[in-house]
Amino acid sequence: MNKRKIAIFGSTGSIGIQALDVIAAHPDRFCVEVLTAQNNADLLIEQALKFKPNAVVIGNEEKYKQVKDVLFDKGIKVFAGAKSMVEVASWNSIDMMLAAIMGFAGLAPTMAAIEQGIPVALANKETLVCAGDIVMAAAARKNVPIIPVDSEHSAIFQCLLGEPMSKLEKVILTASGGPFLGKKPNFLINVKKDHALQHPNWSMGAKITIDSATLMNKGLEMIEARWLFGLKPEDIEVVIHPQSIIHSMVQFVDGSLKAQMGLPDMKLPIQYALGFPDRLPNDFPRFSFRNYPSLTFEQPDTKTFRNLAIAMEAMYKGGNAACVMNAANEEVVNAFLKNRIGFLQMTEVIEETMAKIPFVEKPTLNDYYECDNAAREHAASLINSIVI
């Protein structure tokens, strides 16, 4: 069996690091063709020396010389900048792209891979949140499989295998509730980043951890599910499941439910996506009902955690609404992580930005880029006016 050549876009982030662990555990099945990072040149170099890819790309052009000086005489091609990121994504030597670049920046490389006919293991939900209609249309036109890596979407994907979509009634995304489950605004107004970064179940990057704390992450996942599985907004539901054992469920027209379960470990959906359609053995910890005698569920509090309600409204509205929302959210999360904005103020900036940027009912890909830029500029101006 030929090894599958994997290109990891975002190799120094949480998903990328865990993907390399999966690849290292299955050297007979996978090898690394490309590694990319935006700023973490030291870790990118370390990964390249270990996995010996054909090429690496460092997004920050100021760090090009640092990377090249170490890797050039090792036979590893070194590129830099956003343009190179897109160009390398379309190499026909790649068997699968793992799209793990954080945020809107992941859209262009992912589209480049799709246009080249390269299968995508998608860990970047913002690509579909912002331009899901265009991305999935391109994937259908090129007959390119998009295999979800998010634990929730991987769960839905697994539950739907072998089932006719015409018999699907709805999908149910589970959410842990984050570190502030049950808290009210009078508590959240004083929340700082150190507290918000303490997720009870999952080990994730900073941005997605904050999104989980605000429930924006679940809203983004609803929009992603809409495009990924070709659903109507009313066919998607969210339920709070604090134990994070059931990763999501699907319900069929006869009322039957299918769920995918397991311990909260991102390596499992990463391995499943990279190896699909095979299931590969591993030594990951196994779930035991003895350790979880009670699995509980409750409705999300969208009055307190308004980001989820905002995302749902954007999903129903369509057009460029989700793209604008996502851009504003990326800006406020970055500001919150720098202690420039309060926890509840993030929602206020998102709402004000969405009200300001003109609605476009049927955006082109260029419209999405323009809306993203305009929303970021407006959100940044609002953030700069905030005193905390």
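Partly exposed here denotes a relative accessible area between the buried limit, under 20%, and the exposed limit, over 50%. The structure on screen is a predicted model.

**Stop 1: Arg306 and Glu351**

Select Arg306. Its relative accessible area is 32%, so Arg306 is partly exposed. Now add Glu351, which at 34% relative accessibility is also partly exposed. The two side chains form a salt bridge, with an N to O distance of 2.2 Å. Arg306 belongs to helix H13 (residues 306-317) and Glu351 to helix H15, so the contact ties together parts that are 45 residues apart in sequence. Next, select Glu330, Glu331, Asp372 and Arg376: salt bridges with shared partners join these residues into one network.

**Stop 2: helix H16**

Asp372 and Arg376 lead to helix H16 (residues 365-384), where both are among the buried residues. Display the helix from end to end. Its 20 residues, at 1.5 Å each, should span 28 Å, and the end C-alpha atoms are 29 Å apart, which agrees. Then colour the buried positions: Tyr368, Cys371, Asp372, Ala375, Arg376, His378, Ala379, Leu382 and Ile383. What do the buried residues of H16 pack against? Show helix H6 (125-142), helix H14 (321-337) and helix H15 (343-356), which are their packing partners.

**Stop 3: the cysteines**

Stay with Cys371, which is buried at 9% relative accessibility. How many disulfides does a search of the whole structure find? The count is 0. Cys371 is in no disulfide, and the nearest cysteine sulfur, in Cys323, is 5.7 Å away. Move on to Cys323, which is buried at 0% relative accessibility. The cysteine sulfur closest to that of Cys323 is in Cys130, at 4.4 Å, which is too far for a bond. The cut-off applied to a pair of sulfur atoms is within 2.5 Å.

**Stop 4: strand E3 and its neighbours**

Select strand E3 (residues 55-58). Ala55 and Val57 are buried on one side and Val56 and Ile58 are buried on the other, so that both faces of the strand are covered. Add strand E2 (residues 30-37), which pairs with E3 in the parallel sense over 4 bridges. To see the register, pick Leu35, which stands opposite Val56 in E3. Follow the chain from E2 through helix H2 (residues 41-51) to E3: this β-α-β crossover is right-handed.

Continue to strand E4 (residues 77-80). E3 and E4 are also parallel partners, paired over 4 bridges. Here Ile58 has Ala80 in E4 as its bridge partner. The connection from E3 to E4 runs through helix H3 (residues 64-71), and this β-α-β crossover is right-handed.

**Stop 5: the hairpin of E10 and E11**

Select strand E10 (residues 246-252) and strand E11 (residues 257-261). In which sense do E10 and E11 pair, parallel or antiparallel? The pairing is antiparallel, over 5 bridges. Ile246 has Met261 in E11 as its bridge partner. There are 4 residues between the strands of this hairpin, and Gly255 takes a positive phi near 90°.

**Stop 6: Glu163 and Lys258**

Keep E11 displayed and add Glu163. Its side chain meets that of Lys258 in a salt bridge, 3.3 Å from N to O. Lys258 is in strand E11, while Glu163 lies in the loop between helix H7 (151-160) and strand E8 (168-175), so the pair ties together parts that are 95 residues apart in sequence. Glu163 counts as partly exposed at 29% relative accessibility, and Lys258 counts as partly exposed at 29%.

**Stop 7: a pair within one helix**

Finally, select Lys207 and Asp211. Their closest N and O atoms are 2.6 Å apart, in a salt bridge. Both lie in helix H10 (residues 206-214), where a spacing of 4 residues separates them by about one helical turn. Why does such a spacing suit a contact along a helix? An α-helix has 3.6 residues a turn, so residues three or four places apart point the same way. Are Lys207 and Asp211 buried or exposed? Lys207 is buried with a relative accessible area of 8%, and Asp211 is buried with 1%. To extend the tour, list the remaining salt bridges; the search of the whole structure finds 17 in total.

Terms used:
Residues are numbered from 1 along each chain as its sequence is written. This is a predicted model: local features need pLDDT of at least 70, side-chain atom pairs count only at pLDDT 80 or more; totals for chains, interfaces and linings use all residues. Side-chain values use heavy atoms; hydrogens and water are left out. Buried means under 20% relative accessible area, exposed over 50%, partly exposed in between (1.4 Å probe, protein chains only). Helices (H or I, at least four residues) and strands (E, at least two) are DSSP runs, numbered from the N terminus. Two strands pair if DSSP finds at least two bridges between them. A crossover is right-handed if, with the strands pointing away from the viewer, the path from the first strand over the helix to the second runs clockwise. The expected span of a helix is 1.5 Å times one less than its number of residues. Contact means heavy atoms within 4.5 Å. A salt bridge is a side-chain nitrogen of Lys or Arg within 4 Å of a carboxyl oxygen of Asp or Glu.
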